[in-house]
Amino acid sequence: MKIGYACLTEGVPHVRYKSCLLKNATPDHLMNLIDHNLKTLAKVLDYNIENNIRLFRITSDLIPFGSHPINTLAWQQLFSDSLAMIGQKAKDHGMRLTMHPGQYTVLNSPNEEVVKRAMLDLNYHCAVLDGLGLSPQHKMILHIGGIYGNKEAAMNRFIANFDRLDETVKQRLIIENDDKSYTVEDVLAISKQINIPVVFDNLHHAILHGDHLDGEIDLINRVKQTWKPEDGTQKIHYSEQAWNKKIGSHSETVAIDQFMAFYQRLNRHDIDIMLEVKDKNLSALKCIQATTKDLPKQALEKEWHRYQALVLEHSPEIFQQIQACLQEKKADAALPFYRFIEIALQQEVQAQNALKAAQMIWSAFQKQVSEKEQLQFEKEILKIEKGLSTVSMKRFLFRLAQHYELSEWQNAYYFKDIL
DNA sequence: TGACGTCAAGATCCG
DNA sequence: CGGATCTTGACGTCA
């Protein structure tokens with residue numbers, strides 16, 4: 001079983017993808033952006049490897065305007081070495097990479113121009129995975145598309161247009177149920193015609209059906225039949241509804257108890273779970289650690305170190321409770337640990353607690369700072385006391401952590417909003 | 001014609 | 001001038 005996350009990272013320094021507006025997309029600029037983005041992807045894979053994350057979706061924005069006529073670069077050739085190196089990283093560590101063309105890539109449109117662009121976009125996504133040198137087990141996920149007043153005709157159009165795709169694209173393509181139009185049953189019916197795997201998405205399923213727990217696991221096991229040996233392990237999407245946001249919005253974080261309940265009902269290990277959640281890698285790490293038997297103690301301690309300042313900023317009380325919890329050194333501390341984290345982060349940041357968090361990080365390099373930095377810190381303190389944003393304090397502290405090469409603190413989740 | 005979703009670029013405002 | 005915050009863009013469907 002692999003658990004993974006989609007596209008972007010939280011709290012990982014120096015990984016930010018770049019893009020540009022259509023009007024600025026000159027070949028020269030695109031070259032620079034692609035070069036930067038590939039370096040970024042390589043760093044993200046390093047992060048994944050280091051943190052034992054073995055399932056990851058690559059952002060569609062890797063190559064800006066990757067399927068747009070404005071991008072005339074032969075990027076697959078120009079960056080073949082770089083792509084091959086990145087792909088080798090993944091292969092060396094058993095990492096499964098996927099891609100997911102967005103909601104605007106519509107293969108079943110009645111508009112032929114839209115279909116042509118969708119085919120080009122699928123070619124682009126496939127070219128990335130091909131360029132990385134990855135097998136067809138590294139998939140591309142697509143939704144079925146629109147209804148256009150006649151669902152049956154729309155489904156048949158999907159089937160007909162699938163047939164027009166390149167063989168390499170067909171081998172990678174998998175299809176997913178959505179939250180508006182196409183149920184798992186619909187997608188299974190299409191799958192039966194074109195013989196490609198189905199991705200079960202739990203939240204979409206819950207939205208299109210009233211009570212989502214009823215028969216959910218049976219359905220997942222039925223969907224497994226669409227995965228052939230050459231497709232690799234069955235993959236599903238897991239997400240939770242964001243409270244107080246509109247139906248279908250992904251939650252800020254995966255609520256660990258809700259996930260564990262699902263995991264236990266699922267009761268399978270021959271399955272890969274892609275999380276779709278705002279806090280990305282943070283939830284992936286959480287779910288991985290919570291489901292790892294005999295998790296080494298240092299894994300949680302490393303995680304705690306990254307959470308410390310962020311937790312302190314939200315709740316000094318829970319900060320203390322977590323310290324106590326970890327000192328007990330019981331086995332299976334992961335669940336209580338993450339429960340505490342979730343509760344802490346729901347608390348609003350008070351100025352006095354923001355000060356405590358800043359002080360904690362400051363104390364790590366207080367001894368080596370210059371007088372000028374001391375004065376700057378005092379200025380930042382005043383800003384927080386006045387009730388101003390903590391952003392500039394965080395930027396200041398992050399710069400210090402970089403300057404004094406305190407890599408541990410650079411990885412603090414405390415900095416995730418300013419990276 | 002605007003909402004939808006998503007992210008960063010670009011624009012503008014502010015001290 | 002630099003940093004903080006607001007607006008725009010790129011895509012297709014549907015009301």
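User: Which element gives the largest share of the surface near DNA strand C?
Analyst: In this predicted model, helix α17 provides the largest share of that surface, with three residues.

User: Which elements give two or more residues there?
Analyst: Just after the phosphate contacts are considered, this becomes easier to place. The side chain of R395 has an N or O atom 2.7 Å from a phosphate oxygen of DNA strand C. The elements that contribute two or more residues to the surface are α4 and α17, the latter spanning 391-403.

User: Which residues come nearest to the strand?
Analyst: There are 15 residues around DNA strand C, and those that come nearest are Y104, R117, I147, Y148 and R395.

User: How far is the side chain of R117 from a phosphate oxygen? And that of Y148?
Analyst: For R117, an N or O atom of the side chain is 2.8 Å from a phosphate oxygen of DNA strand C. For Y148, a polar side-chain atom lies 2.4 Å from a phosphate oxygen of the strand.

User: What part of DNA strand C lies within 4 Å of the protein, sugar or phosphate, or bases?
Analyst: Sugar or phosphate accounts for 68% of the strand's atoms within 4 Å of the protein, and bases account for the rest.

User: How many residues of that surface are nonpolar, polar and charged?
Analyst: The surface near DNA strand C has nine nonpolar residues, four polar ones and two charged ones.

User: Changing topic to α3: which of its residues are buried?
Analyst: The buried residues of α3 are L83, I86, G87 and A90. Viewed down the helix axis, they fall within an arc of 100 degrees, so they line one face of α3.

User: What do they pack against, and which residues are exposed on the other side?
Analyst: The buried residues of α3 pack against α1 (27-50), α2 (75-78), β3 (96-99) and α4 (112-131). On the other side of the helix, D81, M85 and D92 are exposed.

User: How many residues does α3 have, and what follows it?
Analyst: Helix α3 covers residues 80-92, which is 13 residues, and reaches 18 Å from its first C-alpha to its last, close to the 18 Å expected at 1.5 Å a residue. G94 follows α3 and has a positive phi, near 60 degrees.

User: One more: is H314 buried or exposed?
Analyst: H314, found in helix α12 (residues 297-314), counts as buried because its relative accessibility is 15%, and the cut-off for buried is under 20%.

User: What does H314 touch?
Analyst: Leaving out residues up to four places away in sequence, H314 touches A344, L345, Q347, E348, V349 and N353. In addition, a polar atom of the H314 side chain lies 2.9 Å from the backbone oxygen of L310.

Conventions:
Residues numbered from 1 in each chain as written. Chains lettered and ligands numbered in written order. Predicted model: local features only at pLDDT ≥ 70, side-chain atom pairs only at ≥ 80, totals over all residues. Heavy atoms only, no water. Helix = DSSP H or I, 4+ residues; strand = E, 2+ residues; numbered from the N terminus. Expected span 1.5 Å × (residues − 1). Buried < 20%, exposed > 50% of the residue type's maximum accessible area, 1.4 Å probe, protein only. Arc of directions from axis to C-beta. Contact = heavy atoms within 4.5 Å. Polar contact = N/O pair within 3.5 Å; in protein donor to acceptor, adjacent residues only side chain to side chain. Near = heavy atom within 4 Å. Nonpolar A, V, L, I, M, F, W, Y, C, P; charged D, E, K, R; others polar.
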